[in-house]
Amino acid sequence: MLMKFFSGSDSSDEDFNEDNGTLTESGSEQSEFSEDEEIDNTSDGDGSTDGDYSLQDHSGTDDDISQQDQNDDHSHQEPKESDEDHQGVEESDSSEDEVAPLNTIGDVPLEWYRDEEHIGYDISGKKIKKKERQDKLDSFLASADDSKNWRKIYDEYNDEEVELTKHETKLISRLLKGKAPHANFDPHAPYIDWFAWEDSKHPLSNAPEPKRRFIPSKWESKKVVEYVRAIRKGLIKFDKPKEEPRFYHLWGDDSSSKEKTGQGLAYIPAPKPKLPGHEESYNPSLEYIPTQEEINSYQLMFEEDRPKYIPRRFMSLRSVPAYEKAVSESFERCLDLYLCPRARKKRINIDPESLKPKLPSRKDLKPYPTTCYLEYRGHKGAVLSISTEASGQWIVSGSSDGTIRVWEVETGRCLRVWELGEAVQHVAWNPSSDLPILAVSAGQDVFLLNTGFGNEEEQKRIKELLHVEAHTGPDDSDNTASIVSWAQDDKHEGVRIKHFKLSKKISQRIPFKLHGLPVSSAFHPTRSVFFVSTKKNVRVYDLVKQKSVKKLETGLREVSSIAIHPGGDNVIVGSREGKLCWFDMDLSSQPYRILKCHPKDITNVAFHRSYPLFASCSDDCTAYVFHGMVYSDLNQNPLIVPLEILRGHTSSNGRGVMDCKFHPRQPWLFTAGADSVIRLFCH
């Protein structure tokens, strides 16, 4: 007998629509066919179908069949065949489960056969070839045309497509809905109490109570003994109760108490009232008792300033009356405790030493000048200016006594002296070592002097350069000043001028407008840039483009001197108020660092050509030496470290050190003082 499932509203509780692959349930409860008992009866012999019927009850079905075939000789055998057929329907399952799996590789992963032409072996050991994969577009079109495609699944293990039957789809549908797979299973069947019946007369066990339930257990006593021994040996330890301190500070502050109130809330104790002093004593000393005049003066004070308690003296404690303000002060104390909010403020205990910048050790920054090695004496007045020769062999100095002296650096011997008759304000040596020429500023004139050093060829070139014709006319350019005298000074073997342009021996007017009186000026070491400082600012001009480039805001009271770093991007400015400003021109027009080092006016500042050193001198008779490292990395700021304070000069007429210059090759510092002495400080 073949099993067949029919679709329709009368065949089962759940109907399937094969066109769209959906599963629907019928609303009729009295369906003609059961979900699990559907059979198809074939005709007697010609293959025609008599009809569909369901077997609702085994007994009822047998009676109906016996009534229809009561005249048949084999009527008594039909019910048996029907029972066997029905039993076969119940026990039968999908025909797919009865077939053994085609692939026999077992638990071997299919990934191992990914690059092979077969997917495994059958029961006879032959390879199971992989089927050719259809194109996705072709498979999609085939699935669209096939109405039963929704019931097909791909069996990767056997490399074939399996079509689910209607019965299997019913089971899957019921499982997806959370129901039992079979419709005749009742998950809420009534509970049957197997131990309760009406005619029960005896309990489950009628045995008498054992004796062990009425006597102490020896095993429990042994366990207790083991615990006692473990406690005595110290193997088991109990938490000790907290011991409360016998003594406590009655008037102490509870802020150090570790007790906390509430869960996770910091305990903030109430502040203690002020302890009573000698004034609150019933028998204070006479010095605490105010006089009548003082009591009258209390009445004239404001209530906030008036003392809250006036001391009085009693002979005994028994004669002390009740305190008048006891109730009011207690009430105010309660208000302070309950109404005044208390907040915990975290105080950060910072070590003052940790706030200081971490500077490198001075030992790591050597060499730098520390001690006085040599003194140059010979001037009778204050030495106002000094300058070193490019090779570092000689030094020139100008004094207020009107003389200029050239010294040998290593020996301190004076080689030559010029007497100008006027106070020498500034001296400068030619930066080029080929032409040893001096520029001297005295009074309203500027002198170009021949030092006499060098060989015959150099002296010949110098004399030709310093030779001036009798008459020098004005220049035709727009930047010329009025007629300027360039006179030959035969007395000092040089030239006497005011403003100069050495190549043409003409004066040239600066094509810039200075906002204020100029105080100091300097040239850029590598570019055609000119720095001019007024009392408040420092202006930077480009000589080629003839325009202002930058303005440095010093914020000082009065600028006294400036110096340019050999790199050209950093400037230091000294002031009359003892402050030293470091400017990083790439960073800002404001000072990068302001150093308050000298108590008096700073007279001059200077950079070293090759070492990372700079110095400042002041009227306080000292010179400060600093380490100033400028890095090539623009993201790293310059490092400024104070190194040494050089002393030795004495004050004269309120002036101290007038000028300072570094040796061009060695870490040495020359200082010129108002005491007419030049000092050389070496490392």
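Across the whole of this predicted model, a search finds 9 aromatic pairs. Ring pairs gather W582, F607, F614, Y624 and F626 into a cluster. A further ring takes part in another kind of contact: R593 lies over the face of Y592, 4.4 Å from the ring centre.

Two members of the aromatic cluster, Y624 and F626, also appear in the strand pairing around β27, which spans residues 622-629. On one side, strand β26 (residues 613-618) is joined to β27 by 5 bridges, and the two run antiparallel. Within this pairing, S616 has Y624 of β27 as its bridge partner. On the other hand, β27 is joined to strand β28 (residues 639-647) by 8 bridges, again with the strands running antiparallel. Here F626 finds its bridge partner in P642 of β28. How much of β27 is buried? The count is 7 of its 8 residues, so the strand is largely enclosed by the rest of the structure.

The connection between β26 and β27 deserves a look of its own. These strands form a hairpin with 3 residues between them, and C621 sits in the loop that links them. Phi of C621 is near 65 degrees, a positive value in a residue other than glycine. Most residues other than glycine have a negative phi, and most peptide bonds are trans. C621 is also buried, because its relative accessible area of 12% falls under the 20% limit.

A second residue with a positive phi offers a friendly counterpoint. N653 is placed in the loop between β28 and β29, and its phi is near 55 degrees, again positive in a residue other than glycine. Is N653 buried or exposed? With a relative accessible area of 80%, N653 is exposed. Returning to the segment ahead of β26, S610 lies in the loop between β25 (602-607) and β26. S610 counts as exposed, because its relative accessibility is 53% and the threshold is over 50%. S610 and R665 are 55 residues apart in sequence, while their C-alpha atoms are 7.1 Å apart in space.

The model also contains an open sheet of 4 strands in the order β7-β31-β30-β29, with antiparallel pairing. At the edges stand β7 (371-377) and β29 (657-662), each with a single partner strand, so one side of each is left without a neighbour in the sheet. From one strand to the next, the twist averages 20 degrees. The partner of β7 in this order is β31 (residues 677-682), and the two pair in the antiparallel sense over 6 bridges. One residue pair in this arrangement is R377 with its bridge partner V677 in β31. Ahead of this sheet strand, P367 is placed in the loop between α9 (352-355) and β7. The peptide bond leading from K366 to P367 is cis, with omega near 10 degrees.

Another open sheet has 4 strands in the order β8-β9-β10-β11, and its pairing is likewise antiparallel. Its edges are held by β8 (383-388) and β11 (414-419); each has a single partner strand, so one side of each is left without a neighbour in the sheet. Neighbouring strands here are turned by 15 degrees against each other on average, direction ignored. In the interior of the order, strand β9 (residues 394-399) is joined to strand β10 (residues 403-408) by 5 bridges, and they run antiparallel. I395 has W407 of β10 as its bridge partner.

Attention now turns to a pocket and to the helices. The second largest pocket has a volume of about 1600 Å³. Its lining is made up of 33 residues, of which E280, K308, Y309, Y323 and E329 lie nearest its centre. The elements that contribute two or more residues to this lining are α7 (292-299) and α8 (326-338). Which element gives the most to the lining of the second largest pocket? That element is α8, with 5 residues.

Helix α5 (residues 166-176) completes the picture. Its buried residues are K166, E168, T169, K170, S173 and R174. Just after α5, G178 takes a positive phi of about 80 degrees.

Terms used:
Residues are numbered from 1 along each chain as its sequence is written. This is a predicted model: local features need pLDDT of at least 70, side-chain atom pairs count only at pLDDT 80 or more; totals for chains, interfaces and linings use all residues. Side-chain values use heavy atoms; hydrogens and water are left out. Buried means under 20% relative accessible area, exposed over 50%, partly exposed in between (1.4 Å probe, protein chains only). Two strands pair if DSSP finds at least two bridges between them. Axes are lines fitted to C-alpha atoms, for helices over the stretch in contact, and angles run from 0 to 180 degrees between N-to-C directions. Rings of Phe, Tyr and Trp (its six-membered ring) pair if their centres lie within 6.5 Å; planes under 30 degrees apart count as stacked, over 60 as edge-to-face and the rest as tilted. A charge sits over a ring if NZ of Lys or CZ of Arg is within 6 Å of the ring centre and within 35 degrees of the ring normal. On a 1 Å grid over the protein atoms alone, a cavity is a set of points where a 1.4 Å probe fits but cannot get out, and a pocket is an open set with protein on both sides within 12 Å along at least five of seven lines; lining residues have an atom within 4 Å of a point. Grid points are joined across faces, edges and corners, and a volume is the space filled by probe spheres set on the points.
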